[in-house]
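Hi everyone, thanks for coming. Let's put the structure up and look at a helix pair and a pocket.

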Amino acid sequence: MHYVSVEALGKSFGIKPLFENISFHVEEGDKIALVARNGSGKSTLLRILAGKETADSGTTWINKEVTVALFEQDPVFDEKGTILDNIFYHNHPVINAIREFEAISEEGDPDKLTDAIVKMDDLGAWDFDAKVKQILAKLNIHHLNQAVNTLSGGQRKRVALAKTLIDIGFDHKHVLLIMDEPTNHLDVEMVEWLENYLDQQNVTLLLVTHDRYFLDAVSDEIWEIDGSDLFVYKGDYQNYIEKKAARQESDAASIDKARNTYRKELEWMRKQPKARTTKSKSRQDNFYKVEAKAKQRMDEAQLELQMKMNRLGGKVIELKKVYKSFGEKPIMKGFDYTFKKGERIGVVGKNGVGKSTFLNMLQGLEPADSGKINIGETVIFGNYSQQGLVIKEDMRVIEFVKNIAESFPLASGGALSAAQFLQLFLFPPEQQYTYISKLSGGEKRRLHLLSILFRNPNFLILDEPTNDLDLPTLGVLENFLTEYPGCLLIVSHDRYFMDRLVDHLFVFEGDGFIRDFPGNYSQYRLWLKDKEEEGKTDTKPIRQEEKTAPVKEAEKKKMSYNEKREFEQIQKDIAKLEKEKQTITEQMNDGSLPFDQLQQLSVRINEITGLLDAKELRWLELSEFDA
């Protein structure tokens, strides 16, 4: 069944086009992820499809049998109503019966409850009520008589999500579900449940998300808005990355060709007299098209950044017998840990177990109830919190960054200017003079993140850094953090981001117990699954009240003398091969070599790739041993 047709759609804000002349169709059963930079019009396009906003040009047709359900980043509620009022807003006998039953269940009046149960029986509402209860329980929504205007930002998002999921499950045969960043403010268990739930529902889906594992789990094609155009990629995120790289390579070649043509045409234009013939007029028109193509900038080009970090001494942070509680709720029970240089730790656990409190305690923003937290003299914290960007008065983007520092030091001895650093984080020169108040929510988050990194900290704390960031920005951030030499502590529900960057986890299991798990999040989930299947737990939680020493890693097998020499030699060989590979690549890209030399270099680069694969595999094997 045909759901949606869009033809030649266009939308601009002021003189800036978000997208132009884009066309697409949505069929029943399609599951589509929409990606683009912040400020490219993703949310606007979703709102146009949902009838919440109008386009400047083009046509949008939606099948009259289709119900469109929109989940937005900033949900709209009846602020005077309760959670119950906002979730069950349909005036329908089944919905009314469930609303009445849930309200009476909270009140606990046995006489009224009996009448409500009879009404539920008569209407056959129990199946739908079971689905409602599952959604509310999984999203941790309780106290349904609480007013929505008293909820926190995260609670509001979860209530809005519950409202949307309940809505699509009620009496709708054909549903187009449109979701804008549904995983923000959900913990990892909620995200995994939502993946499974959406996979089981018979809905057509169009969503915006930065969570790449979630994207792969719930969608089977990716649409990208890039440079005001729409590109379609069938398949998963990896396929999207590969196909996009091929497209960009092709674009780069066509831009180079256009630049050569542009130079010739410019020379011709300058030689022509003012009175032109009809033939020269058509060539003149073509010149402006070539000029536009030639002046395109490849925005995805990224700088490689080797930062010169502030020195981090031998003593980083020591926690000794640290206790912390809120009322009767324990957060930490006698926690001991000594941070080492270059550690990369992920912090995971359900919402409300004390992850953010732990981060604040490390920085001295929250006192411990007892115990000691000793911080090294050389430690410089960089704290990216969920609070967001705070400025005293509106200013231009470039002024805000220059107020922090004029330049960013590099390991090579040089420096990046504030403008170059902004460009690295996808703020092009023309946007650097925009006032901060004019930026989108995601762009402000990106600027906040950039401002933390620009201060050059050596102990970086990131509390949900991926919320509201687009996929291109996440790629830049991950590349930056991969090369970051300092300590890294990350709280995130983004499993892809966590898997790529952390070496081990602090798992807040509740009741003050913290497990130090030696691996990334996906490895931890597999370990949990294995334990559930075995029906037993081999590794006990770290009960800090019983231990005073830091957790010891499992003992590794010792290297022999020959293995140690081999390990050192492999490191040198890999460095030498990488250097040779880079030199050959530069020679091949030069374009001045004869064919026979290019052929020889091509053979050699294949040999080097094979050697590198073998040596890196052996290096990994030897790295498992204890030196």
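Is the crossing of α3 and α5 left-handed or right-handed? It's right-handed, meaning that the near helix is turned clockwise from the far one by less than a right angle; anticlockwise would be left-handed. Before going on: this is a predicted model, where local features need pLDDT of at least 70, side-chain atom pairs count only at pLDDT 80 or more, and totals for chains, interfaces and linings use all residues. Residues are numbered from 1 along each chain as its sequence is written, and side-chain values use heavy atoms, leaving out hydrogens and water.

Back to our pair. Helix α3 covers residues 93-107 and helix α5 covers 126-138; they pack at about 55°, with axes 10 Å apart. So α3 and α5 are oblique to each other (under 35 degrees is roughly parallel, over 145 roughly antiparallel, 65 to 115 roughly perpendicular, the rest oblique).

Who touches whom? From α3 it's Val94, Ile95, Ile98, Phe101 and Glu102, and from α5 it's Trp126, Phe128, Asp129 and Lys133, where contact means heavy atoms within 4.5 Å.

Now the second largest pocket: 38 residues line it, with Gly349, Lys350, Asn351, Val353 and Lys355 nearest its centre. A pocket here is an open set of points on a 1 Å grid where a 1.4 Å probe fits, with protein on both sides within 12 Å along at least five of seven lines, and lining residues have an atom within 4 Å of a point. Helix α17 gives the largest share of that lining, 6 residues; helices are DSSP runs (H or I) of at least four residues.

Technical notes. Helices (H or I, at least four residues) and strands (E, at least two) are DSSP runs, numbered from the N terminus. Axes are lines fitted to C-alpha atoms, for helices over the stretch in contact, and angles run from 0 to 180 degrees between N-to-C directions.
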